[in-house]
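Good morning, colleagues. Please take a moment to look at the sequence and the structure on the screen before I begin.

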Amino acid sequence: MNAQLLKNIAKYVTLSPEEIDLFHTFWMEKILLKGDYLLRNGEVSKSDNYVVKGALKAFYISDKGNEEILYFAIDDWWATDILSFQKQTPSIYNIQALEDTLLLQIHRDSFQEMLKRIPKLESYFRSILESYVGSLQQRIITTNSSNAEQNYIDFVEKYPTISAKVPQYLIASYLGVTPEFISRIRKRK
């Protein structure tokens, strides 16, 4: 099961056979059924989660009672509330399975121990975090500088797997538009 995660890590760092054996000891499998929550608003994130197979949505409920999508996590992606995980403070959002999902989880204390015992993983997780921050910056810039139609087109081109897996109304929430707006764009294309 860890083979997929190890393949992802190998893009950034090379682990020795001994480090790989040690690496396996820190991770546990978790299965979420469609609709199950990985994390609820107000809970403290106790684990970092690698999506082996499946799809998750991270969202909060706005003051108006609307579900606002923060991100999606599909195969070979990560899903956690980074701030809650790092600071051990209550999460301000929810993470829920959109379909049956298989995760690899590492508890926060185990994560810290793993980084002590396999120091080169610090580089891997720093790279992952840098990519995440870059994606957030790009999303802010794109949202503020492009029109809604172009944002949708860019999303579909950049994330075709998400576009195929995730219901249109959730993509609309992520982009800050209505599902009807996306329907009109799709009909024209």
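**Two sheets and the helices on them**

I begin with a single pair of residues: D48 has I106 in strand 7 as its bridge partner. Before going further, I should state that what you see is a predicted model.

That pair belongs to the pairing of strand 3, residues 47–53, with strand 7, which is antiparallel and extends over six bridges. Strand 7 itself covers residues 101–107, and six of its seven residues are buried. Strand 7 is also joined to strand 1, residues 28–32, by five bridges, and these two strands run antiparallel. There, M28 is found opposite Q105 of strand 7.

Let us now put these strands together. Which order do the three strands of this open sheet follow? The order is 1-7-3, with antiparallel pairing. Strand 1 and strand 3 are the edge strands, each of them pairing on one side only. On average, neighbouring strands in this sheet are turned by 35° against each other, with direction ignored. Helix 1 packs on this sheet, where it touches strand 3 and strand 7, and the direction of helix 1 makes about 105° with that of strand 3.

As a brief reminder, strands of a sheet pair through backbone hydrogen bonds, in either a parallel or an antiparallel manner.

I stay with helix 1 for its helical neighbour. Helix 1 consists of residues 2–10 and helix 5 of residues 121–145; their axes come within 10 Å and cross at roughly 85°. Helix 1 is therefore roughly perpendicular to helix 5. Which residues meet here? From helix 1 they are L5, N8 and I9, and from helix 5 they are L121, Y124 and I128. Sorted by class, this contact of helix 1 with helix 5 holds five nonpolar residues, one polar residue and no charged residues.

I turn to the second sheet. Four strands form this open sheet, in the order 2-6-4-5, and the pairing is again antiparallel. Strand 2, residues 37–39, and strand 5 stand at the edges with a single partner strand each, so one side of each has no neighbour in the sheet. Neighbouring strands here are turned by 30° against each other on average, direction ignored. Within this sheet, strand 4, residues 55–61, is joined to strand 5 by seven bridges, and the two run antiparallel. One position to find on the screen is L56, which stands opposite A73 in strand 5. Helix 8 packs on this sheet and touches strand 4 and strand 5; the direction of helix 8 makes about 110° with that of strand 5.

Helix 8 has a helical neighbour to consider as well. Helix 6, residues 148–158, packs with helix 8, residues 168–175, at an angle of about 120°, and their axes are 11 Å apart. The two helices are therefore oblique to each other. The crossing in which helix 6 passes helix 8 is right-handed. On the helix 6 side, N151, Y152 and F155 take part, meeting I171, Y174 and L175 of helix 8. The contact of helix 6 with helix 8 divides into five nonpolar residues, one polar residue and no charged residues.

Finally, I draw your attention to two loop residues. D76 lies in the loop between strand 5, residues 67–74, and helix 3, residues 82–87. Although D76 is not a glycine, its phi is positive, at about 70°. Is D76 buried, partly exposed or exposed? Its relative accessibility is 27%, and D76 therefore counts as partly exposed.

The other residue, Q88, is placed in the loop between helix 3 and strand 6, residues 94–97. Q88 is not a glycine either, yet it has a positive phi of about 55°. With a relative accessibility of 28%, Q88 counts as partly exposed.

To close, I return to the two sheets. One is the open sheet of three strands in the order 1-7-3, on which helix 1 packs. The other is the open sheet of four strands in the order 2-6-4-5, on which helix 8 packs. Thank you for your attention.

Technical notes:
Residues are numbered from 1 along each chain as its sequence is written. This is a predicted model: local features need pLDDT of at least 70, side-chain atom pairs count only at pLDDT 80 or more; totals for chains, interfaces and linings use all residues. Side-chain values use heavy atoms; hydrogens and water are left out. Axes are lines fitted to C-alpha atoms, for helices over the stretch in contact, and angles run from 0 to 180 degrees between N-to-C directions. Angles under 35 degrees count as roughly parallel, over 145 as roughly antiparallel, 65 to 115 as roughly perpendicular and the rest as oblique. Contact means heavy atoms within 4.5 Å. Ala, Val, Leu, Ile, Met, Phe, Trp, Tyr, Cys and Pro count as nonpolar, Asp, Glu, Lys and Arg as charged, and the others, Gly among them, as polar. A crossing is left-handed if the near helix is turned anticlockwise from the far one by less than a right angle, and right-handed if clockwise. Buried means under 20% relative accessible area, exposed over 50%, partly exposed in between (1.4 Å probe, protein chains only). Two strands pair if DSSP finds at least two bridges between them.
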